[in-house]
Every structure is written in C-alpha cells, then in structure tokens.
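Please read the following walk through one protein chain with its structure open beside the text. The order is open space, metal site, core, and then some single residues.

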Amino acid sequence: MRTLAIDIGGTKFSVAGFEDDRLVVRHSAATDRDAGPEWMCSQIESVFSSWRFKPDRCGIGFGGPVDFPTQAVTLSTHVDGWAGFPLVERIERLTGVRAVMDNDANLGALGEARYGAGIGAESLFYMTLSTGIGGGIIVNGNVYRGADSYAGEIGHLNVEPDGPDCLCGSRGCYERMCCGLWLERDYGKPAMDLLADPGFAEKYVVYLARGLKAALMLLNPGRIVIGGGISKAGDALFVPLRAELGRQMTAWSRARRDVVPAALGDDSVLWGAAALARM
Ligand SMILES: [Zn+2]
C-alpha cells in the first residue's frame, strides 16, 4: 500500500510518501503563517505534482484542534483562516484518494507508539514541546480522543496560577511557561540556547515536570515520549527533568516514570498520519 502523509504545522509543513512501512519520498519547508490555507494547499499541490508517487490513501496531521468524527478543522490556535476550511475535501480532490485527518499531537503519539520510542508500551503519553505544546494519548495501541476530540490538550493546564497571561485567556498555562514561542519572547533567546545553561534548565524543568506529573497521576502511561524541537536538547533537558519529576511525584505512587525523547525526530506526525490512513 502507498500512503501519502501530510503534516501541517505553524512553523513548517511536510509531505511524505510511504510504501508500506517504508518512507520513500519526503519534502519539508517553512510555513508562511500569514498566508493562510489556500497558500498551504497550493504548496502541497506543487510538491505532490512534482512527484510520480501515486498513493492509495492519505493521512493528514493538522497543527490545531480537529473534530475527528466530522473531520473538520475546529480552529488553528496560532494561525488565522483555518476554522471550517475543507482541508480533507481539498486533499482528496488533489490526490484522488480517501484522506483522513487528526490533530498533529495525536498523530505524533500514534507514530511514536507504532514505529518509534513507544514500541513495546501499550499505553503512552506523547507530548510535543515546540513552538507550542500539544499532547496525545495512546491506549491499547490506539489514539484516545475523548468525547469531543479534546483529550490530551495539556498545553493549557495551569502550572503557575498567578503566572503571566496566556493567549487562551487564562494565566500561567503549561504552554505559556514552557513552549518555545514564549521562552524566546520572555528571555530573548531560542530554547536551545537557554537550555545550554544548566542553571536555566534547572528552573525550567520545575514547570515542565508539573505538567508531566499531571499526566502520570491521571493516566499512569507505560511511557512518556517527548518530541518537538526542544526535546532535541537531549540530556541537558532529560537528566534534570527526570530528577525533578522524581522530586515532585507523589511519594506513595508507584507509577513508572519512563520519560524518553521521540525516536522519529521531525517525522513522528508523518509516520502517525500514514498509520492512521492505513487503518
Ligand atoms: Zn492557555
């Protein structure tokens, strides 16, 4: 089976072709945030048209809430113009095959569960730590979406009740305290540069661990996988994070704390989109 996988994010977008479980062709480029959905569709069209890849199915990961049963983009939290845009219909017209779409964090979770760092774990919590923060939950090998497709939205958990205002209208949200966009605005440097300073990392992981503690207490997942650009900081992030999580975790809880970086790098969502399309 040949599968076309598309990952539409606020910073970049990627298109890939899979033959069964093999990634055979891939293209990635920066997203023009102000250009909107029509621009995005034309970019995907020009990439797809330049390939001789003829898919049987298509899977799409979108960087914002997706109502899964109706396959509709609910909104994009970082870019205007996407709410209600008929993305699935447009991709089906372009490719001539059936397309299915989900939130990118859900598909990152599915990709890592099936092909990456989550192999062997029946349940998984996946978090993308990047421009923003997204979460995905895998139970018994499949995505848990909740009653209204909003499960796993960990980014707006309040980790600092008197913290600074978040774009969502609340204060001290997980995303507000920990995501790349705000780190750069608050401290004037990219997250990677900031995390090179162990003193900064030590303070940062206090907030980061608060969100993961919530996930552990609520879900007791077999593994926590962290993807996204900031996860590439490696040991500079994961060593202090594991230590801080150990300090914060409720003493009587025997819930495992298996926290690892994503194994599929920038392609977790593409692998998950391909897996979803094949279901
Ligand atoms: Zn918020």
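A pocket here is an open set of grid points with protein on both sides within 12 Å along at least five of seven lines, and its lining residues have an atom within 4 Å of a point. The model to which this is applied is a predicted one.

The largest pocket has a volume of about 900 Å³. Its lining is made of 44 residues, and those nearest the centre of the pocket are Gly9, Gly10, Asp104, Thr128 and Ser130. Several elements each supply at least two residues of this lining: strand S1 (2–8), helix H1 (36–50), helix H3 (104–115), strands S8 and S9, and helix H9 (268–278). By class, the pocket lining divides into 22 polar, 13 nonpolar and 9 charged residues.

Closed space is a separate matter. Rolling a probe the size of a water molecule over the atoms shows where empty space is left. A cavity is a set of points where a 1.4 Å probe fits but cannot get out. The count comes to 1 cavity of 30 Å³ or more, and the volume of the largest cavity is about 30 Å³. The residues that line the largest cavity are Asn103, Asn106, Gly135, Ser149, Tyr150, Ala151 and Glu153. Of this lining, 4 residues are polar, 2 are nonpolar and 1 is charged.

Next comes the metal site. Which protein atoms are the donors of the zinc ion? They are ND1 of His156 and the SG atoms of Cys166, Cys168 and Cys173, lying 2.0 to 2.4 Å from the ion. Along the sequence, the donor residues follow the spacing H-x9-C-x1-C-x4-C. The 4 donor atoms make angles of 107 to 115° at the zinc ion, and the site is tetrahedral. His156 and Cys173 both lie in the loop between strand S10 (142–144) and helix H4 (174–178), so the pair ties together parts that are 17 residues apart in sequence. Are these two residues buried or exposed? His156 counts as partly exposed, because its relative accessibility is 31%. Cys173, by contrast, is buried, with a relative accessible area of 0%.

From the zinc site the text turns to the core. In soluble globular proteins, nonpolar side chains tend to be buried together. The largest nonpolar core in this model has 38 residues, and those with the most contacts inside it are Met127, Tyr174, Tyr204, Leu208, Leu212, Ile226 and Leu237. Two or more residues of this core come from each of strand S8 (124–129), strand S9 (133–139), H4, helix H5 (180–187), helix H6 (191–195), helix H7 (198–219), strand S11 (223–227) and helix H8 (235–248). H7 gives the largest share of the core, 9 residues.

Two loops lie at the ends of H7. Ala196 is found in the loop between H6 and H7. Ala196 is exposed, because its relative accessible area of 61% is over 50%. The C-alpha atoms of Ala196 and Ala105 are separated by 26 Å, and the two residues are 91 residues apart along the chain. Asn220 is found in the loop between H7 and S11. The phi angle of Asn220 is near 45°, a positive value in a residue other than glycine. With a relative accessibility of 43%, Asn220 counts as partly exposed.

Gln71 also has a positive phi as a residue other than glycine, with a value near 60°. Gln71 is found in the loop between strand S5 (66–67) and strand S6 (72–73).

The last stop is strand S4 and helix H2. Cys58 has its place in strand S4 (residues 57–62), and Ile60 is found in S4 as well. Cys58 counts as buried at 1% relative accessibility, and Ile60 is buried with a relative accessible area of 0%. From C-alpha to C-alpha, Cys58 and Ala16 are 10.0 Å apart in space, with their positions 42 residues apart in sequence. Ile60 and Ile91 are 8.9 Å apart by C-alpha atoms and 31 residues apart in sequence. Val88 is found in helix H2 (residues 87–95). Val88 is buried, because its relative accessible area of 11% is under 20%. Val88 and Leu129 are 41 residues apart in sequence, and their C-alpha atoms are 26 Å apart in space.

Definitions and conventions:
Residues are numbered from 1 along each chain as its sequence is written. This is a predicted model: local features need pLDDT of at least 70, side-chain atom pairs count only at pLDDT 80 or more; totals for chains, interfaces and linings use all residues. Side-chain values use heavy atoms; hydrogens and water are left out. Grid points are joined across faces, edges and corners, and a volume is the space filled by probe spheres set on the points. Ala, Val, Leu, Ile, Met, Phe, Trp, Tyr, Cys and Pro count as nonpolar, Asp, Glu, Lys and Arg as charged, and the others, Gly among them, as polar. Donors are N, O and S atoms within 2.8 Å of the metal (3.2 Å for Na, K and Ca); water is not among the atoms, so sites may look incomplete. Four donors count as tetrahedral if all angles lie between 85 and 135 degrees; four count as square planar and six as octahedral if opposite donors are over 155 degrees apart and all others between 65 and 115; anything else is irregular. Helices (H or I, at least four residues) and strands (E, at least two) are DSSP runs, numbered from the N terminus. Buried means under 20% relative accessible area, exposed over 50%, partly exposed in between (1.4 Å probe, protein chains only). A nonpolar core is a set of buried Ala, Val, Leu, Ile, Met, Phe, Trp, Tyr and Cys residues joined through side-chain atoms within 4.5 Å.
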